[in-house]
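Reader: Hey, can you walk me through this fold? I'd like the strand layout and the helix packing.

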Amino acid sequence: MADPAVSVSPYWELTFDADGDPHGRQRDRLLAGVPERGVRDLVVFAHGWNSDRSAATALYSRFLAPFPELAPRARIGYVGVVWPSMRFADEPIPDFPRSVAAGTPRRPALGKDTRHALLETFPGRATVIDQLARLLDQQPREDAELDEFARLVRLLVELVPPGPQALFAADTLAEGVPQDEPAMFFAPAASVCAQFAAALAGSAPSLSLPDPWEGAHELLRQATYHAMKRRAGTVGERGLGRVVGQLARAAPGVRVHLVGHSFGARLVSFALRGLPEGVRTVKSVTLLQGAFSHYAFAARLPHDARAGGVLQGQHNRIDGPLVCCHSRHDSSLGTFYPLASRMAGDDRGLLDLDARRVLGERWGAMGFGGVRGVPGTRALTLAEALRQRLPAGGCVNVDTAAVVRRGGPPSGAHSDIVHRELAQVVLTAGRIGGPAAG
């Protein structure tokens, strides 16, 4: 039953394709196996940007390992969600002083690991990826070549009709703002690349202008980010949400606890929107360094009272709390998430300093500052969350900066989630092993 690489049992793997369709045999094994094994609480974990199954499996094994010891009497089952995502292996390191790298060789135009991940994530696009790699390697100086690069980026991430993914890119429902494709795909390539290059260079003094091909590399990364963002929503609503509904029919007494990291947090949140009417088997949702807007659940946006979050009210579909774990040490979410979100639709220049100051407020990420715009949201430190019962419902922000604080490049603290304390948060949020668990 359990994957030999996973440290807990019973364990089921649940794989989805880019359109949210599940692996049929895996789904059927899950639906049959949960009641057969007498599972009372089912923990469903969705990874973020991992380029292959082995990385996701390793994360699940390490994170879930303390659960049996922490809740020895609970009848827990485990599900590892595997979905087609990727992460740029050669992305820049947030907040890393560029002066330290002075005199070192230029980073690879497109590292082999990232190139392999692109091929795996965008099947059938090998020719496009080869052309992108060639342009990044040659870095011609003509604007026409930057235009060609931008065209190839659009071609790489474009949606193939009649796929559903265009419906899942938005975080907020601002009026008058297109929600299908980011503005950065259609603005003049030289301008977009120059702005990205300047943003990457930061405020460090320089005798030369930022290299637009540094910005072109970032344009490719941001386009891939956008594709993964909409894919996470697709898999959540059309895939995982439906399977949870099927499980509610097959094993109506099972209590489901959704856990997601990074874009996996977005995935499990969109699963709420995909639950069939009347399903109340989701007893908790825990978001670990969620890479989506902190206003996603808001009914109204402070900068636009006519608009709300794309998931407004969905936390009410949980028969328990939505717990958002966030850390100020997550420089990936604190720096690059607002940059990506801003370029999705705002037409002011990236270098507008007044605009840069409000990036974190308007375009901030769930995993950096917690849920915003939802009345009644409680705020707790990690120690408080572990010392007292979490609320029985509503949104709860838990500041996990005490443990989510370090990590190696390129993701830093963003991936620093394997801690016994965070495992305990999941158990506490779901009342797993406590009186409510039976």
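Author: Below we go through the sheet and then the helices.
Author: This is a predicted model, where local features need pLDDT of at least 70, side-chain atom pairs count only at pLDDT 80 or more, and totals for chains, interfaces and linings use all residues. Residues are numbered from 1 along each chain as its sequence is written, and side-chain values use heavy atoms, leaving out hydrogens and water.

Reader: Cool. What order do the strands of the sheet come in?
Author: The open sheet has eight strands, ordered β1-β3-β2-β4-β5-β6-β8-β7, with parallel pairing. Strands (E, at least two residues) and helices (H or I, at least four) are DSSP runs, numbered from the N terminus. Two strands pair if DSSP finds at least two bridges between them.

Reader: Which strands are at the edges?
Author: β1 (11–15) and β7 (378–381), each pairing on one side only. On average, neighbouring strands are turned by 20 degrees against each other, direction ignored.

Reader: How many bridges join β1 to β3?
Author: Five, and β3 spans residues 76–82. Tryptophan 12 stands opposite valine 79 of β3.

Reader: And what about the β7 end?
Author: β7 and β8 pair in the parallel sense over four bridges, with leucine 380 partnered by valine 398 in β8. β8 (residues 394–399) also pairs with β6, over six bridges; there, proline 321 has glycine 394 as its bridge partner.

Reader: Switching to helices. Which strands does α9 touch?
Author: Helix α9 (residues 263–273) touches β2 (41–46), β4 (255–261) and β5 (282–288), and its direction makes about 145 degrees with that of β4. Contact means heavy atoms within 4.5 Å. Axes are lines fitted to C-alpha atoms, for helices over the stretch in contact, and angles run from 0 to 180 degrees between N-to-C directions.

Reader: Where does α15 lie?
Author: Helix α15 (residues 420–430) lies across β3, β4, β5 and β6 (321–326), at about 155 degrees to β5.

Reader: At what angle do α5 and α6 pack?
Author: About 150 degrees, with the axes of α5 (residues 126–138) and α6 (residues 143–157) 10 Å apart. That makes α5 roughly antiparallel to α6, a label for angles over 145 degrees.

Reader: What residues make that contact?
Author: Among them are Val128, Ile129 and Leu132 of α5, plus Phe149, Leu152 and Val153 of α6. The contact residues divide into 10 nonpolar, one polar and two charged. Here Ala, Val, Leu, Ile, Met, Phe, Trp, Tyr, Cys and Pro count as nonpolar, Asp, Glu, Lys and Arg as charged, and the others, Gly among them, as polar.

Technical notes
Parallel < 35°, antiparallel > 145°, perpendicular 65-115°, else oblique.
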